[in-house]
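Visitor: I'm new to this structure and would like a close look at just one part of it. Could you pick a strand and walk me through what surrounds it?

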Amino acid sequence: MKLVIRRPVISDALKVAVICSEGWRQTVEGTMSEPFQRSIVSFWYTEEKVAGDIRHGSYSYVAEVDGVVAGVIGGGMTALDTSEIFVFYVDRKYRFRGIGKELLAKITESHRKRGAVCQWVSVQEGNGYGLPFYEARGFVYQHDKKTKTATGEVQVSHRFRRKL
């Protein structure tokens with residue numbers, strides 16, 4: 001397996017959109033309604049939206065395995081000394097191969113160089129992949145964030161932080 005972590009380019013938009021929409025749907029499966037899921041995917045994860053977000057730097061890195069985009073991570077600085085991971089998914093066909101670990105290491109290195117001494121992430125309640133992944137990398141639960149959706153549901157995110 002040849003793994004390359006690189007900046008995304010516009011031609012990655014469709015694959016990134018697919019990875020993100022499928023990954024996000026998996027994190028909310030069984031907890032959020034289908035209409036809510038469709039609304040989020042159609043807003044955030046269309047090829048056109050992702051291409052624009054790539055142009056604006058919202059997606060920081062992609063992982064390419066043997067020439068195929070297999071994962072994506074995006075994040076940035078939220079204060080002079082604080083960073084956050086905003087989006088992070090690995091295609092289900094490529095999970096458990098160290099790809100997520102490498103993507104997180106790459107963005108963390110970038111955040112440290114920009115002055116971050118701590119890093120935040122939100123993890124959807126019940127996310128069986130994200131919760132253990134982040135805890136194994138030193139993230140510590142801080143609090144829950146509850147958001148009422150346009151469909152009247154309550155979405156619960158666990159907020160985690162780690163020192164860099």
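Guide: Let's start with a term we'll need: a crossover counts as right-handed if, with the strands pointing away from you, the path from the first strand over the helix to the second runs clockwise. Keep in mind, too, that this is a predicted model.

Our strand is S4, residues 82-90. Is it out in the open or enclosed? Buried here means under 20% relative accessible area. By that cut-off, 8 of the 9 residues of S4 are buried, so the strand is largely enclosed by the rest of the structure.

What encloses it? Let's look at its partners. A quick bit of background: strands in a sheet pair through backbone hydrogen bonds, and they can do so parallel or antiparallel. S4 gives you one of each. With strand S3 (residues 68-79) it runs antiparallel, and 8 bridges join the two. Getting from S3 to S4 takes a hairpin of just 2 residues. If you want to find the pairing on screen, Met77 has Ser83 of S4 as its bridge partner, and Gly75 is matched with Ile85 of S4.

Ile85 is a handy landmark, since it also stands opposite Val121 in S5. That takes us to strand S5 (residues 118-124), which runs parallel to S4 and is joined to it by 4 bridges. How does the chain travel from S4 to S5? Follow helix H4 (residues 99-113): S4, H4 and S5 together make a right-handed β-α-β unit, so the clockwise path from the definition above applies here.

Now step back to the sheet. It's an open one of 7 strands in the order S1-S2-S3-S4-S5-S7-S6, with mixed pairing. At its edges are strand S1 (3-6) and strand S6 (140-148), each pairing on one side only. From one strand to the next, the twist averages 25°. Helix H1 (residues 13-28) packs on this sheet and touches S4, along with strand S2 (61-65), S3, S5 and strand S7 (154-163). The direction of H1 makes about 75° with that of S3.

Finally, the whole chain. There are 5 helices and 7 strands in it, and along the sequence they follow the pattern β-α-α-α-β-β-β-α-β-α-β-β. Buried residues account for 49% of the 164 in the chain. The C-alpha atoms fill a box of roughly 40 × 35 × 30 Å along the principal axes. A compact globule of 164 residues would have a radius of gyration near 15 Å, and the chain's 15 Å agrees with that.

Conventions: Residues are numbered from 1 along each chain as its sequence is written. This is a predicted model: local features need pLDDT of at least 70, side-chain atom pairs count only at pLDDT 80 or more; totals for chains, interfaces and linings use all residues. Side-chain values use heavy atoms; hydrogens and water are left out. Buried means under 20% relative accessible area, exposed over 50%, partly exposed in between (1.4 Å probe, protein chains only). Two strands pair if DSSP finds at least two bridges between them. The radius of gyration is taken over C-alpha atoms; the globule rule is 2.2 Å times the number of residues to the power 0.38. Axes are lines fitted to C-alpha atoms, for helices over the stretch in contact, and angles run from 0 to 180 degrees between N-to-C directions. Contact means heavy atoms within 4.5 Å.
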